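Me: I am in my first year and would like to look closely at how the helices of this protein pack against one another. Could you take me through one helix and its partners slowly, and then through whatever lies beside that?

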Amino acid sequence: MAHIPSGGAPAAGAAPMGPQYCVCKVELSVSGQNLLDRDVTSKSDPFCVLFTENNGRWIEYDRTETAINNLNPAFSKKFVLDYHFEEVQKLKFALFDQDKSSMRLDEHDFLGQFSCSLGTIVSSKKITRPLLLLNDKPAGKGLITIAAQELSDNRVITLSLAGRRLDKKDLFGKSDPFLEFYKPGDDGKWMLVHRTEVIKYTLDPVWKPFTVPLVSLCDGDMEKPIQVMCYDYDNDGGHDFIGEFQTSVSQMCEARDSIPLEFECINPKKQRKKKNYKNSGIIILRSCKVGIDFTASNGNPLDPSSLHYINPMGTNEYLSAIWAVGQIIQDYDSDKMFPALGFGAQLPPDWKVSHEFAINFNPTNPFCSGVDGIAQAYSACLPHIRFYGPTNFSPIVNHVARFAAQATQQQTATQYFILLIITDGVISDMEETRHAVVQASKLPMSIIIVGVGNADFAAMEFLDGDSRMLRSHTGEEAARDIVQFVPFREFRNAAKETLAKAVLAELPQQVVQYFKHKNLPPTNSEPA
């Protein structure tokens, strides 16, 4: 039986075009390691500036606070950007040593820079890269680490804190206390989330209430441990440790305006040395409030501006592509049952991002009956998912490749697999996708990509190896060209047959090329 999965038909990661349709907001945390030391009598005082590209020009977007006398800074200030996964959003991170109070960057010493796309950071979640000077030479051993947190959970938490009888750290005064909040990172290390302001000359500070996204503080997990560190601020950057404690959002939510929560601030070194040690003061949580931020916009398939909007005629560009290609392909499948997969969406009930899900919400049986079945499943799933990014192709390619790999044991030319991907997004995992396609080129499968909307599809054309054979990031060359890319916008006003002809033009040659190379004779069954 010929079995041709036309998987991935609706790309659930699509989003409307235009800046008003932000898929989500992304929070970037920046830290530096081994930065250049530009100061003679002390260490550098670094700060980071984020630039975004606009019409070929770098525009300053925001900058962090200055870390005094610190070659390994972890900046408290976060960069929050609107993330459009259908666009290539180029970013540049530049670090400077603050020498004056001036806002002019040319009056500060340059420490190095790093450029990449926002999609690269989001898809990797965390990257560490070497810093470069303006001549593209390494900035010493300087590194920059950027971590991305998608603000998908629109809950926020507001905390109001104070201290009582904190340890005295200054010789001729009291202390200048501030707090730092950390959460455990994926690498097992504590990651700085928030730093309060410094309260001068007091052992009983009252900090201003502050609000942070709940997902930033605890990844939306109310039970996740949170480490709180208390320091005495010193002008030379060598802040004195006062004490620490651990808690969780669940525990902090017990605090009310009339019933504050108290935490003992513990200095482990003092605790080990002094038998009668009790604590280094008390941190008082006056109130903790969790609310919802309604400012984020994810686009709406009911909005006529959305590429997923189904017009009064009952169609959109996705459905048009499904019908145009599917009606031809289905004639070469004996049972007309096609697995249809989506990617780049948040799914109920926990709203986790998935890059490989059955659009009929039946993971054990993702098959749809014919092209009409795919179209019905696509239309039915739209109201129940949230479009999201990044646009990762490799999971879908690898999914179909697993089926194709099983078919390599066939003795005759009976099975050939076709993956149809319909998407409006720029590929976020380009290196992984290149590798997946190169590996798939050895298997009985082809990949058809139909690009909808007006995005930049340069990456799709790169995968379509018409002018040169595709290579993976390791340098391995594809065994053959298995990708055909067609931008739907070139066929909007053409007959369905024209799109189908363009999409399927290379397919017969790819099928014959594979089976000839394997020396597999044709069968008398339906063509695969």
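Reply: What follows goes through the helix packing first and then turns to a pocket.

This is a predicted model, in which local features need pLDDT of at least 70 and side-chain atom pairs count only at pLDDT 80 or more, while totals for chains, interfaces and linings use all residues. Residues are numbered from 1 along each chain as its sequence is written, and side-chain values use heavy atoms, with hydrogens and water left out.

Helices here are DSSP runs (H or I, at least four residues), numbered from the N terminus. Axes are lines fitted to C-alpha atoms over the stretch in contact, and angles run from 0 to 180 degrees between N-to-C directions. Begin with helix α5 (residues 317–329) and helix α10 (residues 496–504), whose axes come within 9 Å and cross at roughly 65°. That makes α5 roughly perpendicular to α10 (the word covers 65 to 115 degrees, with under 35 counted as roughly parallel and over 145 as roughly antiparallel). The crossing of α5 and α10 is right-handed, a term used when the near helix is turned clockwise from the far one by less than a right angle, anticlockwise being left-handed. On the α5 side the contact (heavy atoms within 4.5 Å) is made by Ala-321, Ala-324, Val-325, Ile-328 and Ile-329, and on the α10 side by Lys-496, Leu-499, Ala-500, Val-503 and Leu-504. Nine of these residues are nonpolar, none is polar and one is charged, where Ala, Val, Leu, Ile, Met, Phe, Trp, Tyr, Cys and Pro count as nonpolar, Asp, Glu, Lys and Arg as charged, and the others, Gly among them, as polar.

Helix α5 also packs with helix α6 (residues 370–381), at an angle of about 165° and with the axes 9 Å apart. That makes α5 roughly antiparallel to α6, and the crossing of α5 and α6 is right-handed. Among the residues in this contact are Tyr-318, Ile-322 and Trp-323 of α5, together with Ile-374, Ala-375 and Tyr-378 of α6. By class, the contact of α5 with α6 has eight nonpolar, three polar and one charged residues.

Another pair is helix α7 (residues 394–406) and helix α8 (residues 430–440), which pack at about 20° with their axes 9 Å apart. Helices α7 and α8 are therefore roughly parallel to each other, and their crossing is left-handed. Ser-394, Val-397 and Asn-398 of α7 meet residues of α8 including Glu-432, Ala-436 and Val-437.

Helix α8 also gives two or more residues to the lining of the second largest pocket, as do α1 (118–124) and α9 (458–463). The largest share of that lining, five residues, comes from α1.
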